[in-house]
Amino acid sequence: MRRRGALAVTRRTAWLLNALFWSAFAVLEGANHGWLAGLAAAAFFIAPDLAFLVGLGDAPRMAKGQLPPRAVPYYNTAHRAALPLALMTLYAFGPVAWPPAFAALCGWLAHISYDRAFGYGLRTKEGFQRD
């Protein structure tokens, strides 16, 4: 049990360091490429939690901490780090070079990383936090 606790702390610390890195990168992109890049980073930092709006009408009937089940696929998709990392790879090797897009992906990864660092992960199909 003690080993599992130490692993959780190590994992959360790694996610926090990752979050700080992507936050700094997003700020740097905004500073280097102007207000549009900064706005894109801020918008994509907030955007993943807009999945909560999908089940807003069902929210009063849910248990504490439960996301409405119909919002779960949207929430889980928006909170998987593989998606913005794949898009970053395409951006790096593709023909598009638009800094606000890269800044947005940095903001998105920062959001996901902060969520993991503070214990918010993906959801079960019923809408509860996965262990």
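A salt bridge here is a side-chain nitrogen of Lys or Arg within 4 Å of a carboxyl oxygen of Asp or Glu, and by this rule the count comes to two in this predicted model.

Begin by selecting Asp 58 and Arg 61, and display their side chains as sticks: the two form a salt bridge in which the closest N and O atoms are 2.7 Å apart. If the view is then coloured by accessibility, the partners fall into opposite classes, because Asp 58, at 19% relative accessibility, is buried, whereas Arg 61, with a relative accessible area of 60%, is exposed. The value for Asp 58 is 19%, and it counts as buried because the class covers residues under 20% relative accessible area.

Keep Asp 58 selected and add Arg 70, whose side chain meets that of Asp 58 in a salt bridge with an N to O distance of 3.2 Å. This pair links distant parts of the chain, 12 residues apart, with both Arg 70 and Asp 58 placed in the loop between helix 2 (35–46) and helix 3 (72–78). With the three residues shown together, Asp 58, Arg 61 and Arg 70 can be seen as a network linked by salt bridges.

Next, move to helix 1 (residues 2–33) and select Ser 23, which is found there. Is Ser 23 buried or exposed? At 18% relative accessibility, Ser 23 counts as buried. To see what lies against Ser 23, add Ala 110 and Tyr 114 to the selection, since Ser 23 touches both of these residues when those up to four places away in sequence are not counted.

Notes. Residues numbered from 1 in each chain as written. Predicted model: local features only at pLDDT ≥ 70, side-chain atom pairs only at ≥ 80, totals over all residues. Heavy atoms only, no water. Buried < 20%, exposed > 50% of the residue type's maximum accessible area, 1.4 Å probe, protein only. Helix = DSSP H or I, 4+ residues; strand = E, 2+ residues; numbered from the N terminus. Contact = heavy atoms within 4.5 Å.
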